[in-house]
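Hi everyone, thanks for making the time. I'd like to walk you through a structure that's probably new to most of you, so let's get it up on the screen.

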Amino acid sequence: MIAPTKSNLLKVRERLTLAREGYDLLEQKREILVSELMRKVELVKILEKDLDKRVETAYPCLKRMLVVVGRERANNLAENINYRFETREKIVISAGMKLPGLDVQIPAVDLKYSPVNSFAECDETVLEFFELLKICTELAAIRTIAWRLAREVRRTQRRVNALEKMVIPAAVETKTYIESVLEECERESFFSSKLLKKKGVSGIL
């Protein structure tokens, strides 16, 4: 236990003030993070619905194309298609924080079939799956941010809990202990001085 001195009492009071201010700031930060996380989660839900809808149209389109073109010819056509997708990490500002995000560059659709081998079903399938890819990449980017925010929420919550459950109660307990000891010392000093004064007066008489 810390020594019950006035200097230590001042230090404990200062520590308690800082801890309470830190708690308030962290609690505000946690609320902002949670609010932003909820917005991202809602956006993820919307994109997931869009993804489900696109899957419902893209895969039937693929099946129709395979029926019309045939698997062998579809494979031959696919061999002549080569798209370059670039993926890189980028910094995203969310809830006032710089978070690493995901950026996927999808190339423009280039229908590379010759007039002889071109089928409307092939073009339709390519376009459908490009739209599907766009939703997937956007969903992946938002999920990445949501995951980062959730991790920051957990980290902030741990710090809030540490201040609320440990640091602040310990500082309050120490402050109360020092104050009680100092008050008791002051009372003893007061009574001792009064007693000495009485003895001094009695000695004179």
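Let me start with a definition: a disulfide here is a pair of cysteine sulfur atoms within 2.5 Å. By that rule, the count comes to zero disulfides. And keep in mind throughout that what you're looking at is a predicted model.

While we're on cysteines, let's place two of them on the surface scale. Cys136 has a relative accessibility of 34%, so it counts as partly exposed. Cys185 comes out at 42%, and that makes it partly exposed too.

Okay, the overall layout. The chain has three helices and two strands. Reading from the N terminus, the order is α-α-β-β-α. There are 205 residues in the chain, and 28% of them count as buried. Now take the contacts between residues at least 6 apart in sequence: 77% of those join residues at least 24 apart.

Let's go to the first helix, α1, which runs over residues 6–69. How far apart should the ends of α1 be, with 64 residues at 1.5 Å a residue? The expected span is 94 Å, and the end C-alpha atoms sit 90 Å apart, so the two agree. After α1 comes Gly70, and Gly70 has a positive phi, near 95°.

Two polar residues in α1 deserve a look. One is Asn8, down in helix α1. Is Asn8 buried or exposed? Its relative accessibility is 13%, and the cut-off for buried is under 20%, so Asn8 counts as buried. The side chain of Asn8 makes a polar contact of 3.2 Å with the side chain of Thr5. If we leave aside neighbours within four places in sequence, Asn8 also touches Ile2, Ala3 and Ile178.

The other one is Lys40, again in helix α1. Lys40 has 16% relative accessibility, so this lysine counts as buried as well. What is Lys40 in contact with, once neighbours within four places are set aside? The list is Ser94, Ile142, Ile145, Ala146 and Leu149.

Hold on to a few of those names, because Ile145, Ala146 and Leu149 belong to the largest nonpolar core. That core has ten residues in all, and the others are Leu33, Leu37, Val92, Met97, Leu99, Ala150 and Val153. Who supplies them? At least two residues each come from α1, from β2 (97–105) and from α3 (120–204). The largest share is five residues, and those come from α3. Apart from this core there's another one, with eight residues, including Val44, Leu47, Leu51 and Leu139.

Let me zoom in on one core member, Leu99. Not counting residues up to four places away in sequence, Leu99 touches Lys90, Ile91, Val92, Ser94, Ile145, Arg148 and Leu149.

Next, the strands. β1 and β2 pair up antiparallel, over nine bridges. If you want to find your way along the pairing, look for Ile91, which stands opposite Pro100 in β2. Another pair to look for is Ile93, whose bridge partner in β2 is Lys98. A general reminder while you're looking: in a regular strand the side chains alternate between the two faces of the sheet.

What joins the strands? β1 and β2 form a hairpin with two residues between them. Ala95 is in that turn, and Ala95 has a positive phi of about 55°. Gly96 also lies in the loop between β1 (86–94) and β2. Buried or exposed, for Gly96? At 74% relative accessibility, with exposed meaning over 50%, Gly96 counts as exposed. Here's a link back to the start of the chain: Gly96 and Lys29 are 67 residues apart along the chain, and their C-alpha atoms are separated by 9.4 Å.

One last stop, in helix α3, where we find Ala141. Its relative accessible area is 17%, so Ala141 is buried. And there's a second long-distance pair here: Ala141 and Val44 are 97 residues apart along the chain, with their C-alpha atoms 9.7 Å from each other. Val44, you'll remember, is one of the residues in that eight-residue core.

That's my tour. Happy to go back to any of these spots on the screen.

How values were computed
Residues numbered from 1 in each chain as written. Predicted model: local features only at pLDDT ≥ 70, side-chain atom pairs only at ≥ 80, totals over all residues. Heavy atoms only, no water. Core = buried A, V, L, I, M, F, W, Y, C linked by side-chain atoms within 4.5 Å. Buried < 20%, exposed > 50% of the residue type's maximum accessible area, 1.4 Å probe, protein only. Helix = DSSP H or I, 4+ residues; strand = E, 2+ residues; numbered from the N terminus. Contact = heavy atoms within 4.5 Å. Pairing = 2+ DSSP bridges. Polar contact = N/O pair within 3.5 Å; in protein donor to acceptor, adjacent residues only side chain to side chain. Expected span 1.5 Å × (residues − 1).
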